[in-house]
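Reader: I am new to this structure and would like to understand how the terms used for it are justified. Could you take me through the reasoning, one term at a time?

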Amino acid sequence: MIDRRQKVIGELLPPERLMMTPGPSSVDPRVYRAMAAPIVGHMDPWFTKMMDDVQELLRQAFQTSNHLTFPISASGSGGIEAAVMNALDAGDQCIVCINGAFSERMAIIAERIPAKVIRVEAPYGRTVDPQDVLRAGKGKKIKFVGLAHGETSSGVVHRIDDYRKVADELGALLVVDTVATLAGIPLDVTKQGIDICFSGSQKAISAPPGMAPITVNTRVEEAMHARKEPVRSWYFDLTSAMNYWGKERLYHHTPPITLIYAMREALRAVLEEGLEARWERHLRSQQALIAGIEAMGLSLFVTDPADRLVTVTAINIPAGIEDAKVRLQLLNEFNIEIAGGLGPIKGKIWRVGLMGYSCQEANVLLFLAALEKTLLDQGFRLPAGAGVGAAIQSYQHSSQPAIVGAKK
Ligand SMILES: *Cc1c(COP(=O)(O)O)cnc(C)c1O
């Protein structure tokens with residue numbers, strides 16, 4: 001007998017959206033197939049051996065041979081937490097370059113240790129000046145300089161090399177948040193001398209959200225083992241987590257088995273395509289997107305083209321157009337999700353993600369057509385077809401189509 005007071009909840013049937021947000025991105029069907037594989041135990045010899053594959057794939061994606069490289073069981077923010085907590089002791093000093101919500105998160109986490117955080121800031125849409133970092137740290141004992149490679153909240157990219165130089169001059173470690181950039185734009189942890197680098201599974205890697213790959217070099221690893229006080233977070237203590245991801249494979253916590261399958265398959269797809277081909281695909285698609293946006297008479301939030309983050313494009317919302325209405329129509333009529341602004345630029349910009357599996361020619365053209373239609377419906381004057389036309393031309397000028405799995 002059905003209890004009539006009990007509401008019958010139907011089967012789960014999520015809509016199939018095209019994810020053009022700054023994460024999560026759409027997931028390749030081959031990754032969903034991997035996720036349907038049966039659960040095994042986290043101490044099963046088959047599984048602990050498979051973990052080697054994931055670590056090796058991650059080293060290739062990060063371009064490092066760092067022993068301590070593995071996916072943390074947490075979202076990208078857990079990556080920030082782990083990086084910061086393992087690098088700092090209470091009372092230590094660090095510098096965080098802040099130009100948006102995610103780099104600010106790094107500062108907030110460090111302040112809670114509590115560490116003394118020197119905030120070197122730039123307005124949303126701009127990069128932090130490395131000379132400001134140098135001036136702020138001169139003569140002080142600075143544990144690390146931290147920054148977001150790609151600041152997702154405003155669509156800005158930092159040139160890592162400039163901050164490495166400054167960190168060297170200050171005798172500091174370099175901590176880089178690559179949540180929005182790993183597998184989307186050029187990154188070489190070894191060549192660029194990044195001491196602690198972390199990312200997220202759901203952005204340019206296009207696995208589901210919930211894992212934060214991290215890699216730490218031997219300089220940091222040695223410092224971690226020499227700590228006088230234990231890391232204040234038990235869960236994010238990398239030295240003990242490494243007993244599970246290291247040779248011993250000792251139980252630490254039950255990892256999300258299915259997400260690790262997904263990471264493995266998503267990373268296999270990344271490396272099958274090749275990092276350079278993948279970076280190229282992202283760049284080509286953003287160029288087409290920008291050509292389309294500008295041809296529609298819209299403008300970009302980041303004014304200096306050299307500062308634009310390839311994986312996230314911030315578009316100024318034109319006067320008289322309602323942010324939420326446009327995004328709702330894109331969702332309801334075209335099944336496309338894009339994002340609005342965060343913090344001080346909420347309501348002022350749209351953020352369009354071109355990440356991983358989402359970043360394809362067909363999606364860029366569909367999005368531009370959908371945006372044109374939506375804006376026309378909302379009373380914005382533009383020549384219909386201008387955006388799509390410009391994007392097609394942009395793609396025609398580049399040598400290869402931006403299709404995942406395209407023949408080389
Ligand atoms: C998305 C993002 C984060 C946060 O990741 P979550 O998975 O939402 O916790 C941190 N940093 C950057 C640069 C990001 O783009």
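Reader: What makes the pair formed by Ser 77 and the ligand a polar contact?

Author: In this predicted model, a polar side-chain atom of Ser 77 lies 2.6 Å from an oxygen atom of the ligand, and a pair of N or O atoms counts as a polar contact when the two are within 3.5 Å. A polar side-chain atom of Gln 202, at 2.7 Å from an oxygen atom of the ligand, meets that limit too, and so does a backbone N or O atom of Gly 76, which lies 2.9 Å from a ligand oxygen. The protein covers 89% of the 380 Å² of accessible area that the ligand has on its own.

Reader: Which residues are around the ligand, and of what classes are they?

Author: The residues around the ligand include Ser 75, Gly 76, Ser 77, Phe 102, Asp 177, Gln 202 and Lys 203. By class, the shell is made up of three nonpolar, six polar and two charged residues.

Reader: Why is strand β2 called largely enclosed?

Author: Buried means a relative accessible area under 20%, and five of the five residues of β2, residues 68-72, are buried, so the strand is largely enclosed by the rest of the structure. β2 also pairs with strand β10, residues 212-216, in the antiparallel sense over five bridges, and in that pairing Phe 70 has Ile 214 of β10 as its bridge partner.

Reader: How do you know that β13 and β14 count as paired strands?

Author: Two strands pair if at least two bridges are found between them, and two bridges join β13 to strand β14, residues 349-353, so the requirement is met, with the strands running antiparallel. Within this pair, Gly 340 stands opposite Trp 350 of β14. The open sheet to which they belong has three strands in the order β11-β14-β13, with antiparallel pairing.

Reader: What makes β11 and β13 edge strands?

Author: β11 (312-316) and β13 (339-340) each have a single partner strand, so one side of each is left without a neighbour in the sheet.

Reader: How do you know that the length of helix α10 agrees with its number of residues?

Author: At 1.5 Å a residue, the 21 residues of α10, residues 275-295, should span 30 Å, and because the end C-alpha atoms are 30 Å apart, the two values agree. Just after α10, Gly 297 takes a positive phi of about 90°.

Reader: Why is Gln 63 called partly exposed, whereas Ala 183 counts as buried?

Author: Gln 63 has a relative accessible area of 28%, and because partly exposed covers the range between under 20% and over 50%, that value falls in the middle class. Ala 183, at 3% relative accessibility, is under the 20% limit and therefore counts as buried. Neither residue is a glycine, yet Gln 63 has a positive phi of about 60° and Ala 183 has a phi near 75°, also a positive value. Gln 63 is placed in the loop between α2 (45-62) and β2, and Ala 183 in the loop between β8 (173-177) and β9 (196-198).

Reader: Where are Pro 24 and Pro 114, and what is omega at the cis peptide bonds that join them to Gly 23 and Ile 113?

Author: Pro 24 lies in the loop between β1 (18-19) and α1 (29-35), and the cis peptide bond joining Gly 23 and Pro 24 has an omega of about 0°. Pro 114 lies in the loop between α4 (101-111) and β4 (116-121), where the cis bond between Ile 113 and Pro 114 also has an omega of about 0°.

Note on methods
Residues are numbered from 1 along each chain as its sequence is written. This is a predicted model: local features need pLDDT of at least 70, side-chain atom pairs count only at pLDDT 80 or more; totals for chains, interfaces and linings use all residues. Side-chain values use heavy atoms; hydrogens and water are left out. Helices (H or I, at least four residues) and strands (E, at least two) are DSSP runs, numbered from the N terminus. The expected span of a helix is 1.5 Å times one less than its number of residues. A residue is near a molecule or strand if one of its heavy atoms lies within 4 Å of it. A polar contact is a pair of N or O atoms within 3.5 Å; within protein, one must be able to donate a hydrogen and the other to accept it, and residues adjacent in sequence count only if both atoms are side-chain atoms. Accessible areas come from the Shrake-Rupley method with a 1.4 Å probe; for residues, only the protein chains shown count as cover. Ala, Val, Leu, Ile, Met, Phe, Trp, Tyr, Cys and Pro count as nonpolar, Asp, Glu, Lys and Arg as charged, and the others, Gly among them, as polar. Buried means under 20% relative accessible area, exposed over 50%, partly exposed in between (1.4 Å probe, protein chains only).
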